[in-house]
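Morning, everyone. Please look at the screen, and then we'll walk through this one together.

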Amino acid sequence: MESIGPSQIQEEQFMAPEPVPFSFIAEADRHQSNIAPPRRERRSARAVCSGVLITAVLIAGLVAAVALGMPALRPPSAS
């Protein structure tokens, strides 16, 4: 019995998959399912409010950072 070396194991693991016949791929468009996926559940009022609150806090933080940083961006006065 032959011993299998590490290089032979790697070759077997990384071999390309078998090619798919083109006719099978071309026919796949004709065999689509007519079952619609289930509708997404509506977000609860709590989830909507939390998303709005997080967005408002982030925007307020950016506005505050710009407002507090404006004095540092002005050119120095000549007084």
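Among the elements of the protein, which has the lowest mean pLDDT, and which the highest? Helix α1 (residues 6-13) has the lowest, at 55, and α3 the highest, at 95. pLDDT is the predictor's confidence in each residue, from 0 to 100.

This is a predicted model, where local features need pLDDT of at least 70, side-chain atom pairs count only at pLDDT 80 or more, and totals for chains, interfaces and linings use all residues. Residues are numbered from 1 along each chain as its sequence is written, and side-chain values use heavy atoms, with hydrogens and water left out.

The protein averages a pLDDT of 78. At least 70 is the score for 57% of the residues.

Now the layout. The protein has three helices and zero strands. Both are DSSP runs, numbered from the N terminus: helices are H or I, at least four residues, and strands are E, at least two.

Take α3, residues 45-73. Its 29 residues reach 41 Å from first C-alpha to last, close to the 42 Å expected at 1.5 Å a residue. That expected span is 1.5 Å times one less than the number of residues.

How many residues of α3 are buried? Zero, so α3 is hardly covered. Buried means under 20% relative accessible area, exposed over 50%, partly exposed in between (1.4 Å probe, protein chains only). Across the protein's 79 residues, 0% count as buried.

Last stop: Leu-73, in helix α3. Leu-73 is exposed, because its relative accessible area is 68%.
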